[in-house]
Every structure is written in structure tokens, then in C-alpha cells.
Amino acid sequence: MYAGLELGEDARDLGPSEGPYGANMSVRRDLGRKLAFDPSLGRQGTSLISNEETHFFARLRRTHVVRYAPKAVVSHGVLPGRDELGYLLQRSFASGQSDVIASRLEGDRMRAYSVAASLAGNAARTVTMRGAGTWGPKGFVAGLAWTAEDLGRLRTLLSRPRRR
């Protein structure tokens, strides 16, 4: 849930909307130093704002190809408390906020109405599928996380941009 990326068994180039997460990526050292990560997107204090890798890969893709390597092995420790539902929902909400901030840095225009439509769809699907018994506990938690992400996006889109 936190950093799983399953795109099949074959190595391939990633499409424009596909990208690795910070916990499951590697980059050539020279490119990492040249492009660097934007510190305004990194975690600071208790803030869960992130997505510095999303912004990094958007800039990297202007001149390079990003590849998926399913045989790469990644170990990533999870701190105590980060496996609880409350943390997951807070982190998901912050992820939605981070999406908006990163898209603004890239000059993209995320639209509130499309996020609101996604929010409505995710919330309805989560409640309906869980109520019908077609989703198990993991599917329900994933639905809650997607809904929290959309709530974070919508809140950030509807509020004035703040300087950090």
C-alpha cells in the first residue's frame, strides 16, 4: 500500500502518468545531483507534504527515459505507527495536497471539478463495494485512502496557495 508498484513481470519504459515512489526508485548519481529534489516538497517537521520524487521525475523525463525494473530488490523499513489506519489516511490526505503543489510547480492546472468528480466516485465506490461485500478489508482501506487523497487535492485547490 505504501510503496508497492506492480506493473507486470517485464522491464519497460514508464509512460508519462506512471512513476516510481521514493521508497522504490534508484537514479544515477550524476542525474540525482544535477536535478536534485525540491526541498519545498520534502517532509519538514510534522508535515506529511511530499512528492519530491514526482516533481524530480517530471523534470528528468524532459531529457531521459524512466524505466520499470521488476526484478530490482528494494527494502524499506516502516516506522512504528505507520501501519495504522489513522496514519494512512493522514498520509493519503497529504499526498493529495502534495499532488496539487507539485502540479503547480510544473505549471499544470489541476481542476477542482475533476477532483470533485473523482472524490464522489471513489467515496461512492468504496461505500457501495464494502456494503455489497465485494471488497475485503484491504480493498476498503484502499478506497478510503483514495478518497482521502482526493479530499487533500480538493482542499488544496480550493484554498489560497501558501508559502512554506
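**Exercise 1.** Is S98 buried or exposed, and what is its relative accessibility?

*Solution.* The structure is a predicted model, in which local features need pLDDT of at least 70 and side-chain atom pairs count only at pLDDT 80 or more, while totals for chains, interfaces and linings use all residues. Residues are numbered from 1 along each chain as its sequence is written, and side-chain values use heavy atoms, with hydrogens and water left out. Begin with the cut-offs: buried means under 20% relative accessible area, exposed over 50%, and partly exposed in between, with a 1.4 Å probe and protein chains only. S98 has 0% relative accessibility and therefore counts as buried.

**Exercise 2.** Place S98 in its helix and list its contacts beyond four places in sequence.

*Solution.* S98 belongs to helix α3, residues 85–105, where helices are DSSP runs (H or I, at least four residues) numbered from the N terminus. With neighbours within four places set aside, S98 is in contact (heavy atoms within 4.5 Å) with L48, I49, S50 and N51.

**Exercise 3.** Identify the residues of the largest nonpolar core, and the helix with the largest share of it.

*Solution.* A nonpolar core is a set of buried Ala, Val, Leu, Ile, Met, Phe, Trp, Tyr and Cys residues joined through side-chain atoms within 4.5 Å. The largest one has seven residues, namely L14, L31, F56, F57, L60, V66 and Y68. Helix α2 (residues 52–60) supplies the largest share, three residues. Another core, apart from this one, has five residues, including V100, V115, L119 and L154.

Technical notes:
Helices (H or I, at least four residues) and strands (E, at least two) are DSSP runs, numbered from the N terminus.
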